[in-house]
Protein chains: 2
Amino acid sequence: MPSLISAAEDPRKAVDGALRRLAETEPDIRAWALVDAKGARKAAEGVTNGPLRGVPVGVKDIVDVAGLPTECGSTLRRGRIATSDAWLVDRLRRAGAVPLGKTVTTEFAYFQPGPTRNPHNLAHTPGGSSSGSAAAVAAGVVPLALGSQTAGSLTRPASFCGVAGFVAPVGAWSTRGFTGLSPSLDAPGLITAGVTELALVVEAVGGTRAELPERIRVLVWPGTELADIDPAMLDALNHTARALAAAGAETNDLGDQVRTPELAETHATVMAWEAARSLAAEAEHPESLSTPLRELLERGRRTSKGEYRRAQDTARTARARVLDLLTRVDVILAPAAPGPAPFGLEATGTPVLSRPWQLLGLPVVTVPGHRDPHGMPLGLQLIGHRDRVARLLGIARHTEAVIQEISGGTR
Amino acid sequence: MPSLISAAEDPRKAVDGALRRLAETEPDIRAWALVDAKGARKAAEGVTNGPLRGVPVGVKDIVDVAGLPTECGSTLRRGRIATSDAWLVDRLRRAGAVPLGKTVTTEFAYFQPGPTRNPHNLAHTPGGSSSGSAAAVAAGVVPLALGSQTAGSLTRPASFCGVAGFVAPVGAWSTRGFTGLSPSLDAPGLITAGVTELALVVEAVGGTRAELPERIRVLVWPGTELADIDPAMLDALNHTARALAAAGAETNDLGDQVRTPELAETHATVMAWEAARSLAAEAEHPESLSTPLRELLERGRRTSKGEYRRAQDTARTARARVLDLLTRVDVILAPAAPGPAPFGLEATGTPVLSRPWQLLGLPVVTVPGHRDPHGMPLGLQLIGHRDRVARLLGIARHTEAVIQEISGGTR
């Protein structure tokens with residue numbers, strides 16, 4: 001049985017429990033950029049009510065928490081204290097949650113990793129850019145963490161760390177208080193241990209309650225035209241699709257209905273162009289930037305206004321077509337990443353399986369439960385219509401239950 | 001006023017307080033190799049009495065704590081669980097102290113650093129090899145940590161982190177349960193915030209009570225023949241000597257009464273020869289050793305038995321001469337390191353100012369209190385007769401008080 005986030009009996013005890021677990025796991029995992037024990041204990045004392053009463057939360061360190069620095073994994077932002085809470089932090093606080101501290105992000109949520117390790121195998125990356133948020137939840141330190149996605153920054157670490165993730169539709173949740181990379185692609189998101197908890201938190205934040213339609217229509221997309229997909233991941237995908245079908249879902253292949261290579265490339269163009277503008281001030285200190293980030297900003301500067309406009313036109317056309325498709329089916333079921341977390345801490349894996357869908361601004365749920373033969377987690381992603389988040393969550397919860405059955409029991 | 005280690009009201013609360021402080025500081029400082037929250041809380045419940053009742057302790061990760069791995073900062077020892085407590089851990093437990101976990105050591109207590117940062121400036125080394133123990137005390141996580149010294153492994157990090165350190169005379173305290181480098185040089189030691197606390201713990205462990213002689217005789221050694229000494233360090237040394245004299249001490253220069261360059265070189269020969277034997281099994285996995293450690297073991301293998309015997313003869317002769325000198329004076333006052341903690345985390349600074357005295361097996365107290373113009377700590381060391389630890393501690397406590405007066409107040 002999945003453990004729910006229960007409204008903690010005593011918020012202060014919940015915070016102390018998280019701090020104990022953090023002290024115990026942090027020397028190995030290194031998921032935290034900053035821990036505000038004093039602030040969290042004080043906030044816990046003030047909490048009186050709410051569906052997330054006393055739930056300690058990790059906040060990705062590109063997201064503002066009033067009174068704490070937002071350092072974005074970069075020396076260029078060292079010590080920059082935020083004066084107010086980000087929109088999503090404020091919503092979580094209103095629901096009773098207690099920010100425990102800031103979790104490690106890659107440099108400006110791009111590719112350069114922080115020190116975080118994968119709780120399932122310390123020699124493997126936790127994924128990025130929401131590295132610390134995924135690892136902190138996977139390590140059992142906090143039941144909830146806040147992340148964001150511009151390419152595959154939430155879906156991928158959730159998959160690598162064996163936890164559930166939600167990426168809000170672009171524009172649906174405010175990014176106020178987020179240090180963004182790319183305004184037309186950035187989306188806030190949440191990470192929890194399982195989809196059941198995720199649905200509770202999404203409801204607490206956005207008011208959307210998960211609902212399972214009577215008839216579930218699924219398009220299966222293996223992603224093989226974009227990456228070499230690990231055989232264990234393909235097995236996980238196919239077993240899940242068959243099990244959903246056996247439980248009554250209508251499953252078909254996505255086939256070539258979406259030109260994903262073109263959309264992935266278009267995503268990269270939009271991201272580079274916008275990132276070069278978002279981080280124009282930082283680009284003037286190339287000596288303080290990693291090579292991958294410098295190259296992204298350089299690509300963005302070399303991209304012409306015309307190219308960017310054409311990319312946005314491509315995105316607009318594809319968005320209309322795929323939204324139409326998603327009125328005739330409910331979700332696209334796909335690998336959340338090409339395989340398990342790669343060995344090594346020098347890179348965070350590829351976001352390519354997220355690029356097409358993030359370009360279209362669609363909501364995504366990462367569903368955990370599968371493992372590869374070495375015991376490393378394998379996540380699947382469900383992509384839904386931007387106006388049907390309730391249905392996406394309901395189907396994701398159903399999919400999680402189905403995976404638990406076929407993988408033989410509780411997670 | 002220095003804060004004392006008070007026998008904690010409630011040992012479990014003391015442990016929880018340390019865990020909270022650890023959770024808050026560890027993302028920056030990275031002083032811990034492993035935290036045993038569960039074990040510490042259980043041990044705290046069982047503590048009934050003792051002068052260190054409920055005091056949480058950090059244990060350098062070359063020292064065995066029953067049931068926890070001793071990993072020595074090396075992949076070669078990953079996951080090696082100790083079956084019983086080291087002698088010193090056992091003594092601390094009997095006095096009521098509670099091991100909280102293992103602190104970061106350099107690789108096999110030699111030069112290759114772990115991830116620990118200096119709490120006074122995160123861009124600077126905490127020193128080594130007792131890096132985590134010094135940093136954990138300096139960060140206020142634990143009031144007491146256990147370390148060891150073969151060259152300058154306790155005196156140097158204590159100096160860099162602005163805390164007090166005690167190195168026991170070689171052979172006086174058992175090294176049972178320590179992973180040693182060099183049996184004729186290895187000595188256990190302790191780290192606390194100040195000398196007052198240090199004296200309390202030494203008394204609790206070894207029964208030696210600090211005593212201040214009526215007449216204090218000090219030899220001052222600037223160490224300039226062994227290293228370039230930072231001007232701020234020389235100022236600290238000279239001001240302290242003058243203040244001790246003003247308070248009634250008899251101060252003179254050590255001059256050339258001890259041939260320190262010869263002893264430093266002799267120390268290096270003994271250490272290399274013995275380390276090559278202590279780590280003979282590890283030397284067979286050179287691919288798993290750092291370059292500095294490989295070079296030490298290589299030097300040890302190339303050293304002939306004859307050279308080693310001559311080095312031990314030199315040590316013996318010098319030991320007799322210096323012990324005789326230390327019946328006519330009480331202590332040698334010297335810089336604990338050539339200057340403040342160097343910038344960077346790739347190296348831990350030089351132990352050269354400790355080598356001569358460690359070769360002679362003398363007890364050493366590091367006295368904190370001075371700062372350089374950038375606010376970085378500068379420690380002084382007091383070296384005493386191996387049979388007069390009580391007097392050494394008494395003079396060190398007096399010196400600490402004198403430094404507090406001249407540096408204008410509390411620490």
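Student: What makes the relation between chain B and chain A that of a two-fold axis?

Tutor: In this predicted model, a turn of 179° with a shift of 0.0 Å along the axis lays chain B on chain A, with an RMSD of 0.0 Å. That is the relation of a two-fold axis.

Student: Which residue of chain B comes closest to the rotation axis?

Tutor: Taken at its C-alpha, B:Ala23 comes closest among the residues of chain B, at 2.3 Å.

Student: How do you know how many residues of each chain take part in the contact?

Tutor: Two residues count as in contact if their C-beta atoms, placed from the backbone, lie within 7 Å, and by that test the contact takes 13 residues from chain A and 13 residues from chain B. On the side of chain B that touches chain A, helix 1 (11-29) and strand 1 (32-35) of chain B each supply at least two residues, and the largest share, 8 residues, comes from helix 1 of chain B. By class, that side of chain B has 9 nonpolar, no polar and 4 charged residues.

Student: Why is it said that the copies meet through the same surface?

Tutor: Because 100% of the interface residues of chain B are also interface residues in chain A, the copies meet through the same surface.

Student: What are the domains of chain A, and how many residues of each are in contact?

Tutor: Chain A is divided into domain 1 (1-255 + 328-411) and domain 2 (261-311). In chain A, 22 residues of domain 1 are in contact with 19 residues of domain 2, and the side of domain 1 that touches domain 2 has 12 nonpolar, 7 polar and 3 charged residues.

Terms used: Residues are numbered from 1 along each chain as its sequence is written. Chains are lettered from A and ligands numbered from 1 in the order in which they are written. This is a predicted model: local features need pLDDT of at least 70, side-chain atom pairs count only at pLDDT 80 or more; totals for chains, interfaces and linings use all residues. Helices (H or I, at least four residues) and strands (E, at least two) are DSSP runs, numbered from the N terminus. Ala, Val, Leu, Ile, Met, Phe, Trp, Tyr, Cys and Pro count as nonpolar, Asp, Glu, Lys and Arg as charged, and the others, Gly among them, as polar. Domain bounds come from an automatic or database domain assignment. Copies are superposed by least squares on the C-alpha atoms of residues with pLDDT of at least 70 in both.
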